[in-house]
Amino acid sequence: MLSNKFILHSNYTPAGDQLEAIARLISGVEEGATHQTLQGITGSGKTFTMANIIHRLKRPTLILAPNKTLTAQLYDEMKRFFPENAVEYFVSYYDYFQPEVYIPGNDRFIKKDSAINEQLERLRLSTTKALIERRDVIVVASVSSIYGLGHPDQYRALQIPLSLGQEIGHDEFIRRLLLLQYERSEKTLKRAMFRVTGNVFDIFPADSEYLAVRVSITDDIIQTLQWVDPVTGKVIGDITHYLVSPKTLFATPKNSVDLAAKEILAEMEEQIKVFNKENRFVEAERLHGRVTHDVEMMKQVGYCSGIENYSSYLSDRDPNLPPTTLMDYLPKDGLLFIDESHVMLPQISAMYRSDQSRKDTLIDYGFRLPSSRNNRPLNLKEFESIKPQTIFVSATPGKYELQVSHDKVVQQIIRPTGLLDPEVEVRGKENYLEDLLYEISQRVEKNERVLVTTLTKASAEELHEYFVEHGLKSQFMHSDVKVDERVEIIKQLRLGVFDVLVGISLLREGLDIPEASLVAIINADRAGFLRSTSALIQMIGRASRNQHGKAILYADEVTSAMEEAINQTKRRRHLQISFNEKNEIIPSSSTRKISNGKTEESNSFAHSDAFCKSLAELCQRITEKEQQLLDLTNDGNEKGADEIRNQLVNLYKQFIYI
């Protein structure tokens, strides 16, 4: 385990605009800037810039992304950059989720229904455990991170520390494991289960991927601690200490449950009085039955279905304060990146409004207590107040990001690969299907891929079927497709299992598909957020990782959004051509290894601990050169800045790279 060091593995050095971007953003953080924006075009290496900043600043880091597909991609990339550090993945653990809803119009109550993905649940538990136990942590998370969790102090209080020579009684150990909601088993050992054979405990931690912990106790003293295979029982290795963590992030100590139960029942009685005074006896009876049942379950097993609705009592938290979320697990000196911030920030506001509207109806009709409102996502104001120093990352940042960043907006327009923004062409919608079939066939012959964006789920599926009927290998992807299936679809597209991917907004932000040389945008002239300037720029950018990149906009008129997107693309393309000519760069398609789902050892160079300790002078020189670069750039001395950039490249090679 590394205490406070992030070792970056890569075969590449910063190039293009990355050198200046890294220097400026690090300088901003060290100066105390609360907000900065990295405005980087698609393919400019924003993720690599982020990785370099994390490596240099050595702070626990949270990276937020607006959807599970992009979150999974970023997680995979960070795992490759930092194989020796704790790179964690935190998204909703539901494959399917239907929140409880009451529809007064037809007196219909829809119960909460969900399908929990065991693997995603394990990864969430692994995330909180890592943030509590170590500092070399990078968490890649979705909007799920702004929803309520159990308090980190209660999480710590429930953890069972195990060390060689520690005193712990046999029965006491069993009791504490049961409080963590671990299930005792006599045979099969699955996650969040334990098995006792004489004085030997085999525990499969809820957050462990594939290893169990074996604890041997003699005379109430821990004699051995070992990693074992939970299936075969084979010993993998010895350990000296371990922390067994709760099965759920909502686990609560028994004394907290007992105290909370009294307060919950007291609130219930007050609300029942209100209903009775209004002659709403059905609501009063309903509330009494639901709440008393929940309280009894919590007293017996420490948990109940929907326990999160009592979070304000169980966490003993002031209801006027924001809910406890993943942000509370991140150390105060942590660093926050918000990727595709132009999408992520509006999501935060929308999630809060939707949740409160649904809760108000449940409370009014006796399904929940008024305090259940406190089980909610953060609103934007609360998010703003508790987040650490923040860097927004987007090709098209919104007004909010630019406003709060003031003059701390850093641009990345030049791609390290020399790739240009795609050529953009507008074609009429008449006979567009025949035209698109021809364009796709041209790409298929060259073993390239095609992305097609439509406006609705139905049209995406219909277009996919049309392509299949005409002999193309096609697939569709939209919000109904599960996250693990989306990742697999993108992988299959890159491998050539199929050649065309049809989608809607999921094909907009962040997808890294170097094999895609054509993006076709259907109904580009349709009004709406899916065809806004920002959306069009993002979609056009999907073809920018390929040297033959092209975007075709099918439209019968050129809207103002289309015109602005096309002009911005042309302007950047002109700057990129000039840079390439000046530096004698020949564009080449970007390359990214296709993940096999496992973390592989990197063949790239990373300095050892001993080497790092001897780099004090080199670290100082890098800092000095970066400051010189900023000064020369601010003064407009391009020749001097270019010279410093070249020196920095050589220093970086010594510092982290080979």
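Which residues in helix 1 meet which residues in helix 2? The first close-up shows them, after a quick word on the model.

This is a predicted model, where local features need pLDDT of at least 70, side-chain atom pairs count only at pLDDT 80 or more, and totals for chains, interfaces and linings use all residues. Residues are numbered from 1 along each chain as its sequence is written, and side-chain values use heavy atoms, with hydrogens and water left out.

**View 1. Helix 1 packs against helix 2.** From helix 1 come Gln18, Ala21, Ile22, Leu25, Ile26, Val29 and Glu30, and they meet Phe48, Thr49, Asn52, Ile53, Arg56 and Leu57 in helix 2. Contact here means heavy atoms within 4.5 Å. By class, this contact has 8 nonpolar, 3 polar and 2 charged residues (Ala, Val, Leu, Ile, Met, Phe, Trp, Tyr, Cys and Pro count as nonpolar, Asp, Glu, Lys and Arg as charged, and the others, Gly among them, as polar). Helix 1 (residues 18-30) and helix 2 (residues 46-57) pack at about 45°, their axes 10 Å apart. Axes are lines fitted to C-alpha atoms, for helices over the stretch in contact, and angles run from 0 to 180 degrees between N-to-C directions. The two helices are therefore oblique to each other (angles under 35 degrees count as roughly parallel, over 145 as roughly antiparallel, 65 to 115 as roughly perpendicular and the rest as oblique). Helices and strands are DSSP runs (H or I, at least four residues; E, at least two), numbered from the N terminus.

**View 2. Six strands make a mixed open sheet, with helix 6 packed on it.** The strand order is 10-11-12-13-14-15; two strands pair if DSSP finds at least two bridges between them. Strand 10 (183-184) and strand 15 (235-238) sit at the edges with a single partner strand each, so one side of each has no neighbour in the sheet. Strand 14 (residues 221-228) runs antiparallel to strand 15, joined to it by 3 bridges, and Gln226 has Asp238 in strand 15 as its bridge partner. Helix 6 (residues 170-179) touches strand 10, strand 11 (193-197), strand 12 (200-204) and strand 13 (212-218), and its direction makes about 15° with that of strand 12.

**View 3. A parallel open sheet carries helix 13.** Its 6 strands come in the order 20-25-24-21-23-22. Strand 20 (423-427) and strand 22 (474-477) are the edges, each with a single partner strand, so one side of each lacks a neighbour in the sheet. Strand 22 pairs with strand 23 (residues 500-503) in the parallel sense over 4 bridges, and Ser474 stands opposite Val500 in strand 23. Helix 13 touches strands including strand 21 (449-453) and strand 25 (550-554), and makes about 170° with the direction of strand 25.

**View 4. Helix 13 also packs against helix 14.** Helix 13 (residues 432-445) and helix 14 (residues 457-469) pack at about 60°, with axes 12 Å apart. That makes helix 13 oblique to helix 14. Leu433, Leu436, Leu437 and Ile440 in helix 13 meet Leu463, Tyr466 and Phe467 in helix 14; by class, that is 7 nonpolar, no polar and no charged residues.

**View 5. Confidence is lowest in helix 18.** Helix 18 (residues 609-613) has a mean pLDDT of 34, while strand 2 (residues 61-64) has the highest, 98; pLDDT is the predictor's confidence in each residue, from 0 to 100. Over residues 597-615 pLDDT stays under 50. Where pLDDT is low, the predicted coordinates should not be read in detail.
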